[in-house]
Amino acid sequence: MDASLVEKMVDPTLAEMGKNLNEAMKMLEDSQREADEEREKKKYTRKDIPGPLQGSGQNMTAILQLVQNLMHGEDEEELQSHRLQNIGEQGHMSLLGHSLAAYISVLDKERLRKLTTRILSDTTLWLCRLFRYENGSAYYHEDDREGLLKVCKLIIHSNYDDYATEGFNVLHNKSPVLYISAACRTGLGQYICNQLGLPISCMCSVPCNTMFGSQHQMDVALLERLIKDDIECGKLPLLLVANAGTPGAGHTDKLARLKELCSQFKMWLHVEGVNLATLTLGYVSSSVLAATKCDSMTLTLGPWLGLPAVPAVTLYRHEDPSLSLAAGLTTSQPVEKLRALPLWLSLQYLGHDGIVDRIKYASQLSQRLLENLRKLSSIRTSEVITKPKEQTFTGKSVGNILGNILLAIVEDEFNSPVLVFRFIQEHLKSALDGAQYQTAAAQESTKDSNERETDDALNRWLGEQLGQLVPTSGVDVVELEDEGACIRFSPLMTAAVLNTTPEHVDQLVECLKAKIPILTSTLQLREEFKQEVYQTPALTYIEDLSWPGLGAIRYEINNEEPDPEKQLLAMEKITTRLLKKLKEFDSDLMFSTGPEFGSEKNCIYIGMVTDTLDVPELVETIAATGKEIEESSKLLENMTEVVRKGIIEAEQQLQKANEAKLLEEGVLRQIPVFGSVLNWLSPVRSSVKGRSFSLAGGSLESTDKLYALKAQASEGTPPSTPTASRTKPKSPGQKLFRRSSRASVSDMVSETSVGHTEEMEGSQTITGTTRLEGENEIHKSSESSVQLNGDLELPGPIQPEGKSDENSSNVQEVHQTSESAEAEDLEKEDLR
C-alpha cells in the first residue's frame, strides 16, 4: 500500500493497519533480498579460503579478542600464569616508536628524508656520547649478531680491492682469518662463516688464559703466536672478536693489550658484552674503558634499560662511506633509517640520569648478592678464580710488587655486574681460604670426574630450584668449561624487565641458605645408601651421576622366565606397582622413574633428602615392599589357573545338577504354566543342593552352612600388612624414614610395654567371653570395649539381663580348663 495513500485516510484505524502492513511487507522483502544476496555471494566464494578471511572481514573488537586469547590463553588459570611483564612508561615510548615509524613512512619523500636524517643523527650522537665512543657511526639491527656480520663484510671489502667484482675468487690466494675467543657465545663463529660463505677453517678459536687472572680471559700470548703462524702460512688475519663481559661468567678480556696487538698486525678489533653498559657510569674500570679505543662495539640497550623491541646498535669507526654502504652498514632508504625511532623516543624519555640510574641499580643488586654469598661457606663465587698465583713470583720485594700490581689489576677488572656462584663441598672450600688461591683451579682440574659430575648435577638442581622459588631474580644455570655447572645472576639483562628489587635478592639468599643443608645431607648420605643397597640381595644400586638426589635402585625379581621380553615386562609391572606404593607412603621423599630420556629403565630414583633420613629403614622398606608385590603377583598368577580350573569344574557340576533335576522332576514340570500348576497340586521336594564357588580356594562348597549361619564364616585370619611389621613405631605426626630421638624411642618402648600388659589382661577376659558366646546365642552391644595396643578394639565382657547365673556357671567352667588350652587361647588372642 502506498504511504501517501495511508496518510490521506481519515479513519485512524485503517491508517494504522496500513502502516503496519507496509512495515511487515518491507521486512519480508528485506529478508528475501538479504537471502538472495547471500546466495549470490556463495556462488563466487572460494571454499579453500580460511574462515576468518571469508565474507567482509572481522571487526576490530573480534580481532583484538583473538590476539588476547593467543597471547594469554582462553583458560583463566592460564591467563593468570602468563601475565605480560610490566614494561613501564619507557616501554610504552618504545612501542609508540614502532607505530610512529609506520605512520611516518607514508610522508612525502623529501619530508621523510629530512625527518629520518634528523632522528638517525641525533640517536647516533647521543649513543656515542653516552658510551664514550668518539667520532663513531651507528648501525641499527634487530639481530644482535648482524652488526658483527656487517663489520666483517666491511673488513673484507677494505682488504680485498676486487671483492666487489670477483667475489670469493680473490679470497683463494690469501685466505682470511677471523679470531674469536673460546668464551664467546656458542655458534657465533659458525654463524659468521655461514652468512659470509667462508669455510669453517677461516675461523680460529683462541683459548682462554690458564696462568693467572680470570680463566675466561683470552690468552694474549697464545693469540700472538697464532697470528704469526697464520701469516707465515700465507693467510691474512682480519678480525678479532673480544669480550667486555663473557656470556657465561661476565669477565672482560685484556682489551688494551689486544688493541695494541691488533694495531701491530693491522687487524680490526670488535668488542661485545654486558660490561659495556658500565661505560655510561661516572667511574669505569680501566679494562672496560679500553673498549672505547676499539674499532667497533655492539650494544644491546633493550635488556639493559628494560626497553622492549628496540634494536641493537653497533658503533664503528671507518673513513670510507662507500665501503660502509657496500657492506650494508649505511643505507639510502629512509624507511630503514626509522629503526632508530624507538631508541630516539626512549632515550629522550629516560634522559641521562634515568639511563645511569638503571645501570647503577643493576650493579648494586649484584654487589648486594655478592656480599651475602661471601658469608656462606659452601658457596664459591667467580671472584675467587681471579686471584693471582703467589708461586709465580720469585724474590721477596719483586714478588710483592708484582703481586700487588696484579691484584690491583684483577680487582679493577672484576667490576662486572654478572655474578656466577657454585655450591661446592666443604673439603674443597677450605683450600680457597687464606692465601691458597693457586690450589682452587688445581683441585677443580684434578678432582675425580665422578665427583665433578655429581657436583654439576647438584648445582643444576639448585639453580632450577632458585629460579622457581624466586622467578623475579632472573637466575639461570650456565655451563662453564672449567668450573662446570654454575648459577648466574645477571641483573643488567633481567632486572629492568623483571622489576628485580633488593628484597628479591634477600629472598634469593634465604632460599639458598635453606637449600644448602639439603645438598650437604644428600652428599653425606649417598655413600651410606649405596652400601646399604649393596648389602640387600633383592636390590641393585644404579650408578647415575647426573641424578641430583640420593640415588637410584632397581628391584630384581626372582623369575626364571626364559623369555627376556616377558621377564622385562614382569619387572616393569612390579617396578610400577612398587613406585606407586612408595609414593603412597607418608614421607618427605620424592620417588620417580628418573630422567625422561635416561638410559636406565625399570629403576626407582630417590630425590634430595635431609639429615634426618633413616637410610637402613628406607632400604629395608623398599626391599620388603618389592618382595610383597612380587609374591602377590605370583600368587595372583597361580590363583588364575586354579580359578580357571574351578570354574570349569563348577560348570560341569551345574550341568550334572540340572540333568539330575530333570530326571527327578520329569519333563512335565519344566513346562512354564503347566509346571507351575502341577507343582502347586503336587509339590515336589528337590534333592539338588546349592553350591558356592570359593575364589580363594578355587573349589565348590555346599551352601548348607551359609544358609544355616546366615553368614559365611571366615576360616583364617588375614595376614598383617608388611608395612606395619616392617616400619618402626612412629610418634604422632612423624613421617616415615625419619630418625627418632632417644627420648621418643624410650617413651615409645614404655608405651608398648604398658599396652602389652593391658593386652594380656584384656585377652584373658576376652577368652572367657568368647567361649561363653560360643555356647550361647551371640549378643551385640556397644557399651564397652577393650583397646589393644592403641590400635585394635574388641568387645569386652558383657552380662546380659536374665542370664547372670548361667553366665557365672559358664565362666567357672571356662576357668577349669587345662593350662595348655588356656595358653593356646591367649596366643590366638594376641595374634588377633
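## A pocket to explore

Let's start with some empty space: the second largest pocket holds about 530 Å³. Its lining is made up of 28 residues, and the closest to the centre are Ser181, Ala182, Ala183, Cys184 and Glu481. Keep in mind as you look around that this is a predicted model.

Which elements give two or more residues to this lining? They are the strands β2 (176–181), β3 (203–206) and β10 (476–480), along with the helix α10 (188–196). Sorted by class, the lining residues come out as 12 nonpolar, 12 polar and 4 charged.

## A nonpolar patch on the surface

Now hop over to the surface. Val673, Val677, Trp680 and Leu681 make a nonpolar patch there of about 500 Å².

Take Val677 from that group: you'll find it in helix α26, which covers residues 672–681. Is Val677 buried or partly exposed? Its relative accessibility is 41%, so it counts as partly exposed, since that label sits between the 20% and 50% cut-offs.

## Two residues with positive phi

Lys266 isn't a glycine, yet it has a positive phi of about 55°. Look for Lys266 in the loop that runs between α12 (255–264) and β5 (268–272). Lys266 has a relative accessible area of 73%, so it is exposed.

Ala309 isn't a glycine either, and its phi is positive too, at about 60°. The loop between α14 (301–305) and β7 (312–316) is where Ala309 sits. With 45% relative accessibility, Ala309 counts as partly exposed.

Key: Residues numbered from 1 in each chain as written. Predicted model: local features only at pLDDT ≥ 70, side-chain atom pairs only at ≥ 80, totals over all residues. Heavy atoms only, no water. 1 Å grid on protein atoms, 1.4 Å probe; cavity = no way out; pocket = protein on both sides within 12 Å on 5 of 7 lines; lining within 4 Å. Points joined across faces, edges and corners; volume = space filled by probe spheres on them. Helix = DSSP H or I, 4+ residues; strand = E, 2+ residues; numbered from the N terminus. Nonpolar A, V, L, I, M, F, W, Y, C, P; charged D, E, K, R; others polar. Patch = residues over 30% accessible without salt bridge, like charges linked within 9 Å, V, L, I, M, F, W, Y side chains within 5 Å. Areas by Shrake-Rupley, 256 points an atom, 1.4 Å probe, with all protein chains shown as cover. Salt bridge = Lys/Arg side-chain N within 4 Å of Asp/Glu carboxyl O. Buried < 20%, exposed > 50% of the residue type's maximum accessible area, 1.4 Å probe, protein only.
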